[in-house]
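Hi,

Here is the structure I said I would pass on. Have a look at it first, and my notes on what turned up are underneath.

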Amino acid sequence: QVQLVESGGGLVQPGGSLRLSCAASGSFLSINVMAWYRQAPGKERELVASRTSSGTTNYGDSVKGRFTISGDNAKNTVYLQMNSLKPEDTAVYYCKVIIVTPTLRTFQYWGQGTQVTVSS
């Protein structure tokens with residue numbers, strides 16, 4: 001079993017910044033990918049950013065140039081630095097991890113989500 005602990009959400013004014021953190025713990029051999037998704041009311045969940053264990057990153061088009069994903073492999077933690085926030089960034093942000101088990105199977109797990117609200 002794998003547990004994800006997310007933190008860092010909250011209320012921020014347009015143009016402001018927030019930093020989200022997601023730490024994975026549990027029984028697994030390694031982590032392949034850690035990623036952030038978001039879901040706004042009435043919309044589908046969408047990829048915000050992802051990071052492989054080798055450091056390769058990928059971003060959704062709407063956040064390129066404003067958000068940065070980084071990680072600490074030793075701590076099984078991923079961060080999402082969000083700058084120049086806009087009201088349309090308001091959503092519940094979910095952390096997702098893809099792990100490898102000792103038997104070399106892969107599974108994905110989701111965090112409980114953290115609310116980000118951008119409003120004046």
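Let me start with the disulfide between Cys 22 and Cys 95: the torsion about its S-S bond is about -85 degrees, so this disulfide is left-handed. Cys 22 sits in strand β3 (residues 18–26) and Cys 95 in strand β9, so the bond ties together parts of the chain that are 73 residues apart in sequence. Do keep in mind that this is a predicted model, so every value here is computed. The two sulfurs are 2.0 Å apart, and a search of the whole structure gives 1 disulfide. Are the two cysteines buried or exposed? Cys 22 is buried, with a relative accessible area of 0%, and Cys 95 is buried too, also with 0%.

Next, the charged side chains. In general, side chains of opposite charge can pair when their charged atoms come close. The count here comes to 4 salt bridges. Which residues are linked in a network? Arg 38, Glu 46, Arg 66 and Asp 89 are.

Arg 38 is a good place to enter that network. Arg 38 forms a salt bridge with Glu 46, with the closest N and O atoms 2.7 Å apart. Arg 38 also meets Asp 89 in a salt bridge, at 2.9 Å from N to O. That second pair links distant parts of the chain: Asp 89 is in the loop between β8 and β9, Arg 38 is in strand β4 (residues 30–39), and the two are 51 residues apart. As for accessibility, Arg 38 counts as buried because its relative accessibility is 6%, under the 20% cut-off. Asp 89 is buried as well, whereas Glu 46 is partly exposed, with a relative accessible area of 35%.

Another salt bridge joins Lys 64 to Asp 61, and its closest N and O atoms are 3.1 Å apart. Here both partners, Lys 64 and Asp 61, are exposed.

On to the strands. If you follow β11 (residues 114–118), you will see its side chains alternate. Thr 114, Val 116 and Val 118 point to one face and are buried. Gln 115 and Thr 117 point to the other face and are not buried.

Which strands does β11 pair with? Strand β2 (residues 10–12) pairs with β11 in the parallel sense, over 3 bridges. Strand β9 (residues 91–100) pairs with β11 in the antiparallel sense, again over 3 bridges. Val 116 is a handy residue to click on for this: Gly 10 stands opposite Val 116, and so does Ala 91. Strand β9 is also where Cys 95 of the disulfide lies.

Last, two backbone oddities. Most residues other than glycine have a negative phi. Asn 76 is not a glycine, yet its phi is positive, at about 50 degrees. Asn 76 lies in the loop between β7 (67–72) and β8 (77–82) and is partly exposed, with a relative accessible area of 25%.

Where is the other one, Ser 84? Ser 84 lies in the loop between β8 and β9, the loop that also holds Asp 89. The phi of Ser 84 is positive too, near 50 degrees. Ser 84 is partly exposed, with a relative accessible area of 40%.

Cheers

Notes
Residues are numbered from 1 along each chain as its sequence is written. This is a predicted model: local features need pLDDT of at least 70, side-chain atom pairs count only at pLDDT 80 or more; totals for chains, interfaces and linings use all residues. Side-chain values use heavy atoms; hydrogens and water are left out. Buried means under 20% relative accessible area, exposed over 50%, partly exposed in between (1.4 Å probe, protein chains only). Helices (H or I, at least four residues) and strands (E, at least two) are DSSP runs, numbered from the N terminus. Two strands pair if DSSP finds at least two bridges between them. A disulfide is a pair of cysteine sulfur atoms within 2.5 Å. A salt bridge is a side-chain nitrogen of Lys or Arg within 4 Å of a carboxyl oxygen of Asp or Glu.
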